[in-house]
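Open the model in your viewer and keep the selection tool at hand. Each stop below says what to select and what is there.

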Amino acid sequence: MVPLPARRALVAAALGAAGRRRFPCHAGNGRLPPSASLPLPAAARPSSGAGGEAGAEGPDRGSAMLRHLLLKLRATGPVTVAEYMREALTNPGQGYYTRRGGIGDSGDFVTSPEISQAFGELIGIWCVSEWIAAGKPKAFQLVELGPGRGTLADDMLRVFNQLASLLSKCDVSIHLVEVSPKLSEIQALMLTGGKAQSNPEDKSAYMKGVSKTGIPIFWYRDIQDVPSGYSFYLAHEFFDALPIHKFQVQQEDCCNCDRLLQCLFSEEAQNQGARLDTCIALSLRTEKGWREVLVDVDPEVPDQLRFVLSPSSTPATENFIQPEETRDHVEVCPEAGVIIQRLACRIEKDGGAALIADYGHDGTKTDTFRGFRNHKLHDVLKAPGTADLTADVDFSYLRKMTQGRTATLGPIKQREFLKNMGIDLRFQVLLQNSRDTATHEQLLHSYDMLMNPKKMGDCFNFFALLPHHRLAQPDMKNKPDSKSPLPPVAGFDELLLK
(Lines give C-alpha, C1' and ligand atoms only; values in the text may rest on other atoms or scores of the structure.)
Protein backbone atom coordinates (compact mmCIF):
# COMPACT_ATOMS: atom_id res chain seq x y z
CA MET A 1 0.00 0.00 0.00
CA VAL A 2 1.40 3.33 -1.05
CA PRO A 3 1.38 5.69 1.95
CA LEU A 4 -0.86 8.73 1.71
CA PRO A 5 1.18 11.89 1.02
CA ALA A 6 1.34 14.47 3.75
CA ARG A 7 -1.69 16.73 3.59
CA ARG A 8 0.31 19.93 3.33
CA ALA A 9 2.45 18.61 0.47
CA LEU A 10 -0.52 17.24 -1.44
CA VAL A 11 -2.54 20.43 -1.03
CA ALA A 12 0.40 22.58 -2.07
CA ALA A 13 1.14 20.43 -5.13
CA ALA A 14 -2.48 20.30 -6.22
CA LEU A 15 -3.45 23.91 -5.65
CA GLY A 16 -0.37 26.05 -6.04
CA ALA A 17 -0.53 29.69 -5.04
CA ALA A 18 -2.82 31.13 -7.69
CA GLY A 19 -6.49 31.59 -7.05
CA ARG A 20 -9.39 32.52 -9.31
CA ARG A 21 -11.65 35.38 -8.29
CA ARG A 22 -15.20 34.23 -7.60
CA PHE A 23 -17.70 36.64 -6.07
CA PRO A 24 -20.37 34.90 -4.01
CA CYS A 25 -23.80 36.19 -3.08
CA HIS A 26 -24.14 38.24 0.05
CA ALA A 27 -24.42 36.49 3.38
CA GLY A 28 -27.70 34.70 3.79
CA ASN A 29 -28.26 34.17 0.06
CA GLY A 30 -27.14 30.56 0.20
CA ARG A 31 -29.75 27.84 0.07
CA LEU A 32 -29.90 27.46 3.85
CA PRO A 33 -32.62 25.85 5.96
CA PRO A 34 -35.04 28.33 7.55
CA SER A 35 -34.99 28.72 11.30
CA ALA A 36 -38.70 27.89 11.39
CA SER A 37 -41.38 27.06 8.85
CA LEU A 38 -44.48 29.21 8.56
CA PRO A 39 -47.57 27.47 9.91
CA LEU A 40 -50.52 26.97 7.58
CA PRO A 41 -54.07 27.41 8.82
CA ALA A 42 -55.28 23.81 8.50
CA ALA A 43 -54.06 21.59 11.32
CA ALA A 44 -53.48 18.70 8.93
CA ARG A 45 -51.12 20.64 6.66
CA PRO A 46 -47.33 20.68 6.87
CA SER A 47 -45.49 23.93 6.47
CA SER A 48 -44.84 25.18 2.94
CA GLY A 49 -41.93 27.53 3.52
CA ALA A 50 -42.17 31.28 3.52
CA GLY A 51 -44.18 33.33 1.11
CA GLY A 52 -42.42 34.94 -1.82
CA GLU A 53 -43.13 36.81 -5.00
CA ALA A 54 -43.27 34.89 -8.24
CA GLY A 55 -40.73 37.26 -9.76
CA ALA A 56 -40.52 38.90 -13.14
CA GLU A 57 -39.72 35.75 -15.07
CA GLY A 58 -42.06 33.38 -13.29
CA PRO A 59 -45.79 34.17 -13.68
CA ASP A 60 -46.25 32.82 -17.23
CA ARG A 61 -44.42 29.59 -16.50
CA GLY A 62 -46.00 29.34 -13.07
CA SER A 63 -49.43 29.83 -14.60
CA ALA A 64 -48.81 27.19 -17.27
CA MET A 65 -47.58 24.63 -14.74
CA LEU A 66 -50.40 25.51 -12.34
CA ARG A 67 -53.01 25.06 -15.10
CA HIS A 68 -51.46 21.69 -15.94
CA LEU A 69 -51.57 20.58 -12.31
CA LEU A 70 -55.13 21.85 -11.75
CA LEU A 71 -56.37 19.90 -14.76
CA LYS A 72 -54.55 16.80 -13.55
CA LEU A 73 -55.88 17.08 -9.99
CA ARG A 74 -59.46 17.65 -11.13
CA ALA A 75 -59.24 14.61 -13.37
CA THR A 76 -57.46 12.19 -11.04
CA GLY A 77 -57.79 13.59 -7.53
CA PRO A 78 -55.04 14.47 -5.03
CA VAL A 79 -51.44 13.48 -5.78
CA THR A 80 -48.56 12.66 -3.47
CA VAL A 81 -46.01 15.33 -2.60
CA ALA A 82 -43.48 13.21 -4.53
CA GLU A 83 -45.57 13.42 -7.70
CA TYR A 84 -46.06 17.16 -7.21
CA MET A 85 -42.30 17.69 -6.82
CA ARG A 86 -41.58 15.56 -9.86
CA GLU A 87 -43.93 17.66 -12.00
CA ALA A 88 -42.75 21.01 -10.63
CA LEU A 89 -39.03 20.23 -10.96
CA THR A 90 -38.62 17.93 -13.97
CA ASN A 91 -41.71 18.25 -16.16
CA PRO A 92 -40.28 18.28 -19.72
CA GLY A 93 -42.23 21.40 -20.70
CA GLN A 94 -42.33 23.58 -17.61
CA GLY A 95 -40.19 21.93 -14.93
CA TYR A 96 -37.86 24.10 -12.85
CA TYR A 97 -34.70 22.10 -13.53
CA THR A 98 -35.47 21.26 -17.15
CA ARG A 99 -36.04 24.89 -18.11
CA ARG A 100 -34.46 27.10 -15.47
CA GLY A 101 -32.27 25.64 -12.73
CA GLY A 102 -31.36 28.96 -11.13
CA ILE A 103 -27.95 28.51 -9.55
CA GLY A 104 -25.74 31.47 -8.69
CA ASP A 105 -26.12 35.19 -8.03
CA SER A 106 -28.79 35.71 -10.70
CA GLY A 107 -30.67 32.53 -9.83
CA ASP A 108 -32.62 31.26 -6.84
CA PHE A 109 -29.86 29.80 -4.66
CA VAL A 110 -26.09 29.59 -4.42
CA THR A 111 -24.04 26.48 -3.67
CA SER A 112 -20.66 26.01 -2.02
CA PRO A 113 -18.71 25.46 -5.28
CA GLU A 114 -20.07 28.80 -6.55
CA ILE A 115 -18.83 30.58 -3.42
CA SER A 116 -15.18 29.56 -3.55
CA GLN A 117 -12.85 27.59 -5.78
CA ALA A 118 -11.32 26.07 -2.64
CA PHE A 119 -14.40 23.91 -2.08
CA GLY A 120 -14.08 22.03 -5.38
CA GLU A 121 -10.31 21.88 -5.11
CA LEU A 122 -10.53 20.11 -1.75
CA ILE A 123 -13.09 17.63 -3.10
CA GLY A 124 -10.63 16.90 -5.91
CA ILE A 125 -7.91 16.25 -3.35
CA TRP A 126 -10.30 13.94 -1.47
CA CYS A 127 -10.67 11.79 -4.58
CA VAL A 128 -6.93 11.69 -5.23
CA SER A 129 -6.14 10.79 -1.61
CA GLU A 130 -8.64 7.91 -1.68
CA TRP A 131 -7.24 6.78 -5.03
CA ILE A 132 -3.77 6.64 -3.46
CA ALA A 133 -5.11 4.80 -0.40
CA ALA A 134 -6.62 2.20 -2.75
CA GLY A 135 -3.21 1.50 -4.29
CA LYS A 136 -3.42 3.81 -7.32
CA PRO A 137 -5.73 1.82 -9.64
CA LYS A 138 -4.93 2.18 -13.34
CA ALA A 139 -8.16 4.03 -14.06
CA PHE A 140 -10.91 5.87 -12.24
CA GLN A 141 -14.15 7.49 -13.25
CA LEU A 142 -15.35 10.69 -11.62
CA VAL A 143 -19.15 10.47 -11.64
CA GLU A 144 -21.12 13.54 -10.54
CA LEU A 145 -24.86 13.42 -9.98
CA GLY A 146 -26.59 16.71 -10.72
CA PRO A 147 -23.50 18.76 -11.67
CA GLY A 148 -25.26 22.15 -11.61
CA ARG A 149 -23.32 24.56 -13.83
CA GLY A 150 -20.23 22.33 -13.82
CA THR A 151 -18.33 24.51 -11.36
CA LEU A 152 -17.42 21.69 -8.98
CA ALA A 153 -16.15 19.47 -11.81
CA ASP A 154 -14.19 22.38 -13.29
CA ASP A 155 -12.37 23.06 -10.02
CA MET A 156 -11.62 19.35 -9.60
CA LEU A 157 -10.26 19.10 -13.14
CA ARG A 158 -7.85 21.91 -12.33
CA VAL A 159 -6.57 19.87 -9.35
CA PHE A 160 -6.15 16.79 -11.56
CA ASN A 161 -4.16 18.91 -14.00
CA GLN A 162 -1.93 20.23 -11.20
CA LEU A 163 -1.31 16.60 -10.17
CA ALA A 164 -0.73 15.41 -13.73
CA SER A 165 2.60 13.79 -12.88
CA LEU A 166 0.98 11.79 -10.07
CA LEU A 167 -1.95 10.76 -12.27
CA SER A 168 0.14 10.21 -15.42
CA LYS A 169 -0.37 6.45 -15.40
CA CYS A 170 -4.06 6.64 -14.49
CA ASP A 171 -6.84 6.79 -17.09
CA VAL A 172 -9.21 9.47 -15.72
CA SER A 173 -12.63 10.18 -17.22
CA ILE A 174 -15.58 12.40 -16.18
CA HIS A 175 -19.19 11.16 -16.23
CA LEU A 176 -22.01 13.63 -15.53
CA VAL A 177 -25.57 12.52 -14.76
CA GLU A 178 -27.81 15.40 -15.84
CA VAL A 179 -31.46 15.47 -16.97
CA SER A 180 -31.66 19.19 -17.76
CA PRO A 181 -30.88 20.13 -21.39
CA LYS A 182 -30.20 23.72 -20.35
CA LEU A 183 -27.79 22.82 -17.56
CA SER A 184 -25.94 20.26 -19.70
CA GLU A 185 -25.28 23.01 -22.25
CA ILE A 186 -23.93 25.29 -19.51
CA GLN A 187 -21.75 22.46 -18.20
CA ALA A 188 -20.38 21.73 -21.66
CA LEU A 189 -19.51 25.38 -22.17
CA MET A 190 -17.64 25.58 -18.86
CA LEU A 191 -15.83 22.25 -19.07
CA THR A 192 -15.06 21.90 -22.79
CA GLY A 193 -15.29 25.47 -24.07
CA GLY A 194 -18.48 24.54 -25.91
CA LYS A 195 -16.85 21.76 -27.92
CA ALA A 196 -19.07 18.95 -26.65
CA GLN A 197 -21.27 17.20 -29.21
CA SER A 198 -24.33 14.98 -29.20
CA ASN A 199 -23.63 11.28 -29.17
CA PRO A 200 -26.48 9.55 -31.09
CA GLU A 201 -24.53 6.36 -31.77
CA ASP A 202 -24.24 5.67 -28.04
CA LYS A 203 -27.57 4.82 -26.41
CA SER A 204 -26.24 5.50 -22.91
CA ALA A 205 -24.28 8.79 -23.15
CA TYR A 206 -26.30 11.46 -24.95
CA MET A 207 -23.38 13.91 -25.19
CA LYS A 208 -19.60 13.73 -25.06
CA GLY A 209 -16.63 16.05 -25.16
CA VAL A 210 -13.07 16.61 -23.99
CA SER A 211 -12.06 18.94 -21.17
CA LYS A 212 -9.68 21.83 -21.71
CA THR A 213 -6.97 19.62 -20.20
CA GLY A 214 -7.73 16.61 -22.41
CA ILE A 215 -9.88 14.46 -20.13
CA PRO A 216 -12.91 12.80 -21.79
CA ILE A 217 -16.36 13.85 -20.49
CA PHE A 218 -19.68 12.05 -21.00
CA TRP A 219 -23.26 13.02 -20.15
CA TYR A 220 -26.03 10.61 -19.07
CA ARG A 221 -29.64 10.85 -17.97
CA ASP A 222 -29.47 8.02 -15.42
CA ILE A 223 -26.84 6.56 -13.10
CA GLN A 224 -27.52 3.12 -14.57
CA ASP A 225 -26.20 4.31 -17.94
CA VAL A 226 -22.75 5.11 -16.51
CA PRO A 227 -20.24 2.32 -17.31
CA SER A 228 -19.14 0.11 -14.45
CA GLY A 229 -15.63 0.42 -13.08
CA TYR A 230 -13.61 1.90 -10.23
CA SER A 231 -15.37 5.22 -9.62
CA PHE A 232 -15.74 8.17 -7.30
CA TYR A 233 -19.38 9.24 -7.08
CA LEU A 234 -20.14 12.81 -6.05
CA ALA A 235 -23.55 14.17 -5.09
CA HIS A 236 -23.45 17.79 -3.98
CA GLU A 237 -26.92 19.16 -3.20
CA PHE A 238 -28.43 16.39 -5.31
CA PHE A 239 -30.46 14.22 -2.93
CA ASP A 240 -32.30 17.19 -1.38
CA ALA A 241 -34.13 17.85 -4.67
CA LEU A 242 -35.39 14.28 -5.17
CA PRO A 243 -39.15 13.81 -4.65
CA ILE A 244 -40.25 12.97 -1.11
CA HIS A 245 -43.33 11.36 0.37
CA LYS A 246 -44.67 13.10 3.49
CA PHE A 247 -46.52 11.30 6.26
CA GLN A 248 -48.29 12.50 9.36
CA VAL A 249 -49.94 10.79 12.32
CA GLN A 250 -53.62 11.72 12.36
CA GLN A 251 -55.43 12.04 15.65
CA GLU A 252 -59.17 11.72 16.20
CA ASP A 253 -61.56 12.29 19.07
CA CYS A 254 -63.07 9.12 20.44
CA CYS A 255 -64.64 7.87 23.63
CA ASN A 256 -62.10 6.61 26.11
CA CYS A 257 -63.74 3.85 28.16
CA ASP A 258 -61.91 4.52 31.41
CA ARG A 259 -62.65 8.23 31.24
CA LEU A 260 -66.30 7.54 30.35
CA LEU A 261 -66.83 5.10 33.22
CA GLN A 262 -65.18 7.48 35.64
CA CYS A 263 -67.48 10.23 34.43
CA LEU A 264 -70.66 8.15 34.55
CA PHE A 265 -70.20 6.70 38.01
CA SER A 266 -68.56 9.57 39.83
CA GLU A 267 -70.45 10.92 42.79
CA GLU A 268 -70.56 14.35 41.16
CA ALA A 269 -72.08 12.96 37.98
CA GLN A 270 -74.76 11.02 39.88
CA ASN A 271 -75.69 13.98 42.05
CA GLN A 272 -75.97 16.30 39.03
CA GLY A 273 -77.53 13.77 36.67
CA ALA A 274 -74.81 14.10 34.11
CA ARG A 275 -75.86 13.13 30.60
CA LEU A 276 -73.99 10.57 28.50
CA ASP A 277 -73.21 13.08 25.74
CA THR A 278 -71.57 15.36 28.31
CA CYS A 279 -69.28 12.52 29.31
CA ILE A 280 -68.43 11.74 25.69
CA ALA A 281 -67.53 15.38 25.18
CA LEU A 282 -64.87 14.91 27.86
CA SER A 283 -63.24 12.07 25.90
CA LEU A 284 -59.52 11.90 25.19
CA ARG A 285 -57.76 12.00 21.80
CA THR A 286 -56.43 8.70 20.50
CA GLU A 287 -54.20 7.84 17.61
CA LYS A 288 -55.89 7.08 14.26
CA GLY A 289 -52.71 6.12 12.42
CA TRP A 290 -50.33 7.24 9.67
CA ARG A 291 -51.76 9.21 6.77
CA GLU A 292 -49.96 10.47 3.68
CA VAL A 293 -49.84 14.20 2.94
CA LEU A 294 -51.27 14.92 -0.52
CA VAL A 295 -51.62 17.96 -2.78
CA ASP A 296 -55.09 18.91 -4.00
CA VAL A 297 -57.11 21.82 -5.41
CA ASP A 298 -58.24 24.27 -2.75
CA PRO A 299 -62.08 24.23 -2.94
CA GLU A 300 -62.29 27.70 -1.40
CA VAL A 301 -59.83 29.18 -3.92
CA PRO A 302 -60.15 27.02 -7.07
CA ASP A 303 -56.99 28.35 -8.75
CA GLN A 304 -54.77 27.51 -5.78
CA LEU A 305 -53.38 24.33 -4.25
CA ARG A 306 -53.51 23.02 -0.70
CA PHE A 307 -52.22 20.13 1.42
CA VAL A 308 -54.65 17.44 2.56
CA LEU A 309 -54.33 14.13 4.39
CA SER A 310 -55.26 10.84 2.75
CA PRO A 311 -58.51 9.46 4.24
CA SER A 312 -56.84 6.10 4.83
CA SER A 313 -53.38 4.59 4.57
CA THR A 314 -51.76 4.52 1.11
CA PRO A 315 -49.34 1.97 -0.39
CA ALA A 316 -46.53 4.38 0.43
CA THR A 317 -47.69 4.52 4.05
CA GLU A 318 -47.58 0.74 4.30
CA ASN A 319 -44.15 0.45 2.67
CA PHE A 320 -42.12 3.43 3.85
CA ILE A 321 -43.03 3.95 7.51
CA GLN A 322 -40.78 1.89 9.76
CA PRO A 323 -42.36 0.05 12.72
CA GLU A 324 -39.91 1.65 15.14
CA GLU A 325 -40.70 5.22 13.97
CA THR A 326 -41.32 7.59 16.90
CA ARG A 327 -41.80 10.90 15.09
CA ASP A 328 -45.32 12.11 14.23
CA HIS A 329 -44.28 13.64 10.89
CA VAL A 330 -41.88 11.88 8.50
CA GLU A 331 -40.42 12.57 5.05
CA VAL A 332 -39.14 9.63 3.00
CA CYS A 333 -37.34 9.78 -0.36
CA PRO A 334 -37.62 6.36 -2.07
CA GLU A 335 -35.63 7.54 -5.11
CA ALA A 336 -32.71 8.39 -2.84
CA GLY A 337 -32.89 4.88 -1.40
CA VAL A 338 -32.80 3.32 -4.87
CA ILE A 339 -29.81 5.44 -5.94
CA ILE A 340 -27.92 4.64 -2.74
CA GLN A 341 -28.55 0.92 -3.31
CA ARG A 342 -27.13 1.19 -6.83
CA LEU A 343 -24.08 3.13 -5.64
CA ALA A 344 -23.47 0.63 -2.84
CA CYS A 345 -23.70 -2.30 -5.28
CA ARG A 346 -21.26 -0.62 -7.67
CA ILE A 347 -18.75 0.20 -4.92
CA GLU A 348 -19.01 -3.30 -3.48
CA LYS A 349 -18.32 -4.82 -6.91
CA ASP A 350 -15.89 -2.36 -8.55
CA GLY A 351 -14.38 -0.37 -5.68
CA GLY A 352 -14.21 3.38 -5.31
CA ALA A 353 -16.27 5.59 -3.01
CA ALA A 354 -19.22 7.96 -2.89
CA LEU A 355 -19.15 11.39 -1.27
CA ILE A 356 -22.46 13.10 -0.54
CA ALA A 357 -22.67 16.73 0.57
CA ASP A 358 -26.07 18.12 1.46
CA TYR A 359 -28.05 19.63 4.24
CA GLY A 360 -29.90 17.07 6.30
CA HIS A 361 -30.22 15.19 9.56
CA ASP A 362 -29.66 11.75 11.04
CA GLY A 363 -33.29 10.68 11.40
CA THR A 364 -34.40 13.44 13.78
CA LYS A 365 -36.20 16.16 11.78
CA THR A 366 -39.82 16.18 10.64
CA ASP A 367 -41.23 18.84 8.29
CA THR A 368 -38.40 20.27 6.17
CA PHE A 369 -40.10 20.66 2.75
CA ARG A 370 -39.57 24.20 1.43
CA GLY A 371 -39.02 26.29 -1.69
CA PHE A 372 -36.48 28.91 -2.78
CA ARG A 373 -36.81 31.66 -5.35
CA ASN A 374 -34.57 34.70 -5.81
CA HIS A 375 -32.57 33.61 -2.75
CA LYS A 376 -35.66 33.81 -0.52
CA LEU A 377 -37.98 31.23 0.99
CA HIS A 378 -40.93 30.61 -1.30
CA ASP A 379 -44.29 28.89 -0.63
CA VAL A 380 -43.93 25.42 -2.17
CA LEU A 381 -47.50 25.48 -3.54
CA LYS A 382 -47.24 28.91 -5.20
CA ALA A 383 -46.26 29.27 -8.88
CA PRO A 384 -45.02 25.68 -9.29
CA GLY A 385 -42.16 25.36 -11.77
CA THR A 386 -40.64 28.74 -10.91
CA ALA A 387 -38.93 27.85 -7.61
CA ASP A 388 -36.53 25.23 -6.35
CA LEU A 389 -38.22 22.66 -4.09
CA THR A 390 -36.13 20.86 -1.52
CA ALA A 391 -36.20 18.79 1.67
CA ASP A 392 -33.47 17.85 4.14
CA VAL A 393 -31.71 14.56 3.44
CA ASP A 394 -32.28 11.82 6.03
CA PHE A 395 -28.80 10.30 6.32
CA SER A 396 -30.03 7.55 8.62
CA TYR A 397 -32.27 6.40 5.77
CA LEU A 398 -29.36 6.47 3.30
CA ARG A 399 -27.24 4.45 5.73
CA LYS A 400 -29.98 1.86 6.07
CA MET A 401 -30.46 1.61 2.29
CA THR A 402 -26.85 0.56 1.73
CA GLN A 403 -28.06 -2.78 3.19
CA GLY A 404 -24.60 -3.40 4.60
CA ARG A 405 -22.96 -3.57 1.16
CA THR A 406 -20.59 -0.72 2.04
CA ALA A 407 -19.23 1.00 5.11
CA THR A 408 -20.47 4.54 5.81
CA LEU A 409 -18.89 7.58 7.42
CA GLY A 410 -20.72 10.63 8.71
CA PRO A 411 -22.66 12.72 8.51
CA ILE A 412 -20.25 15.38 9.78
CA LYS A 413 -20.62 19.14 9.50
CA GLN A 414 -19.22 20.88 6.43
CA ARG A 415 -16.91 23.06 8.54
CA GLU A 416 -15.37 19.96 10.15
CA PHE A 417 -14.88 18.19 6.82
CA LEU A 418 -13.31 21.20 5.11
CA LYS A 419 -11.10 21.95 8.11
CA ASN A 420 -9.83 18.36 8.06
CA MET A 421 -9.18 18.72 4.34
CA GLY A 422 -6.95 21.75 4.89
CA ILE A 423 -9.17 24.68 3.95
CA ASP A 424 -7.39 26.96 6.45
CA LEU A 425 -4.08 26.31 4.72
CA ARG A 426 -5.61 26.92 1.29
CA PHE A 427 -7.16 30.24 2.27
CA GLN A 428 -3.95 31.30 3.99
CA VAL A 429 -2.12 30.83 0.67
CA LEU A 430 -4.84 32.64 -1.30
CA LEU A 431 -4.86 35.57 1.13
CA GLN A 432 -1.08 35.88 0.99
CA ASN A 433 -1.26 36.08 -2.79
CA SER A 434 -4.26 38.42 -3.06
CA ARG A 435 -3.20 41.60 -4.82
CA ASP A 436 -5.98 44.02 -3.90
CA THR A 437 -8.36 44.83 -1.08
CA ALA A 438 -11.46 43.66 -2.98
CA THR A 439 -10.03 40.20 -3.55
CA HIS A 440 -8.88 40.01 0.06
CA GLU A 441 -12.35 40.93 1.35
CA GLN A 442 -14.01 38.50 -1.04
CA LEU A 443 -11.82 35.66 0.20
CA LEU A 444 -12.67 36.41 3.83
CA HIS A 445 -16.36 36.56 2.95
CA SER A 446 -16.18 33.24 1.09
CA TYR A 447 -14.45 31.53 4.00
CA ASP A 448 -17.08 32.88 6.38
CA MET A 449 -19.94 31.61 4.20
CA LEU A 450 -18.45 28.11 3.98
CA MET A 451 -17.30 27.75 7.59
CA ASN A 452 -19.51 29.90 9.81
CA PRO A 453 -21.77 27.58 11.87
CA LYS A 454 -24.67 30.00 11.40
CA LYS A 455 -24.28 29.97 7.61
CA MET A 456 -23.18 26.92 5.64
CA GLY A 457 -20.74 25.52 8.19
CA ASP A 458 -23.28 23.62 10.26
CA CYS A 459 -26.17 23.50 7.78
CA PHE A 460 -24.44 21.18 5.33
CA ASN A 461 -23.10 17.69 6.03
CA PHE A 462 -20.74 15.22 4.39
CA PHE A 463 -21.50 11.51 4.19
CA ALA A 464 -19.42 8.78 2.51
CA LEU A 465 -19.82 5.23 1.22
CA LEU A 466 -16.63 3.15 1.08
CA PRO A 467 -15.71 -0.53 0.66
CA HIS A 468 -15.64 -2.36 4.00
CA HIS A 469 -11.97 -3.23 3.56
CA ARG A 470 -11.12 0.48 3.38
CA LEU A 471 -11.89 0.82 7.08
CA ALA A 472 -10.69 -2.61 8.19
CA GLN A 473 -7.72 -2.64 10.57
CA PRO A 474 -5.02 -5.31 10.18
CA ASP A 475 -4.93 -8.14 12.71
CA MET A 476 -1.43 -7.46 14.06
CA LYS A 477 -1.88 -9.82 17.02
CA ASN A 478 -2.81 -13.00 15.15
CA LYS A 479 -1.23 -12.00 11.82
CA PRO A 480 1.98 -10.11 12.57
CA ASP A 481 2.83 -10.01 8.84
CA SER A 482 -0.33 -8.05 8.05
CA LYS A 483 0.00 -4.84 6.08
CA SER A 484 0.35 -1.60 7.99
CA PRO A 485 -2.87 0.21 8.91
CA LEU A 486 -4.60 2.10 6.13
CA PRO A 487 -4.43 5.89 6.32
CA PRO A 488 -7.47 7.71 7.73
CA VAL A 489 -10.21 8.68 5.30
CA ALA A 490 -9.60 12.26 4.23
CA GLY A 491 -12.06 14.80 5.56
CA PHE A 492 -13.56 12.50 8.19
CA ASP A 493 -10.31 12.46 10.16
CA GLU A 494 -7.68 15.11 10.59
CA LEU A 495 -4.67 13.81 8.71
CA LEU A 496 -1.43 14.60 10.50
CA LEU A 497 1.80 15.49 8.75
CA LYS A 498 4.35 12.70 8.49
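Select E144 and L176. L176, in β3, is the bridge partner of E144. The model is a predicted one: local features need pLDDT of at least 70, side-chain atom pairs count only at pLDDT 80 or more, and totals for chains, interfaces and linings use all residues. Residues are numbered from 1 along each chain as its sequence is written, and side-chain values use heavy atoms, with hydrogens and water left out.

Now widen the selection to residues 139–145, strand β2. β2 and β3 pair in the parallel sense, over 7 bridges. Two strands count as paired if DSSP finds at least two bridges between them. Helices (H or I, at least four residues) and strands (E, at least two) are DSSP runs, numbered from the N terminus.

Add residues 151–162, helix α7. Together, β2, α7 and β3 form a right-handed β-α-β unit. To check the hand, point the strands away from you: in a right-handed crossover the path from the first strand over the helix to the second runs clockwise.

Stay on β3, residues 171–177. Is this strand enclosed or open? Because 6 of its 7 residues are buried, β3 is largely enclosed by the rest of the structure. Buried means under 20% relative accessible area, exposed means over 50%, and partly exposed is in between (1.4 Å probe, protein chains only).

Next, select residues 216–220, strand β6. β6 also pairs with β3 in the parallel sense, here over 4 bridges. Pick H175 and you find F218 of β6 opposite. While the strands are on screen, look at the side chains: in a regular strand they alternate between the two faces of the sheet.

Move to T192. T192 is in helix α8, residues 181–192. With 4% relative accessibility, T192 counts as buried. Which backbone atoms does its side chain reach? One is the backbone oxygen of A188, at 2.6 Å. Another is the backbone nitrogen of A196, at 3.3 Å. Both are polar contacts: a pair of N or O atoms within 3.5 Å, where within protein one must be able to donate a hydrogen and the other to accept it, and residues adjacent in sequence count only if both atoms are side-chain atoms. Show the surroundings of T192. Leaving aside neighbours within four places in sequence, its contacts (heavy atoms within 4.5 Å) include G209, V210, I217 and W219.

Now for the cores. Select W126, F160, F417 and F492. Of the 62 residues in the largest nonpolar core, these four touch the most other members. Helix α6, residues 117–133, gives this core its largest share, 10 residues. Such a core is a set of buried Ala, Val, Leu, Ile, Met, Phe, Trp, Tyr and Cys residues joined through side-chain atoms within 4.5 Å. Center on W126. Beyond its neighbours within four places in sequence, W126 contacts residues including F232, L355, F417, M421 and F492.

Another core lies apart from that one. It has 61 residues, among them L70, A88, V293 and I321. Select residues 81–90, helix α3. 7 of the 10 residues of α3 are buried, so the helix is largely enclosed by the rest of the structure. The buried ones are V81, A82, Y84, M85, E87, A88 and L89.

Three backbone stops follow. Most residues other than glycine have a negative phi, and most peptide bonds are trans.

- Select E237, in the loop between β7 (231–236) and β8 (245–253). Its phi is positive, near 50 degrees. E237 counts as buried, at 9% relative accessibility.
- Select N374, in the loop between β13 (370–373) and β14 (376–378). Its phi is also positive, about 55 degrees. N374 is partly exposed, with a relative accessible area of 36%.
- Select G410 and P411. The peptide bond between them is cis, with omega near 10 degrees. P411 is found in strand β17, residues 407–413.

Go on to K419, in helix α15, residues 414–421. Draw a distance to D493: the C-alpha atoms are separated by 9.7 Å, with the two positions 74 residues apart along the chain. Leaving aside neighbours within four places in sequence, K419 contacts D424 and M451.

Finally, zoom out. The chain has 19 helices and 18 strands. Of its 498 residues, 53% are buried.
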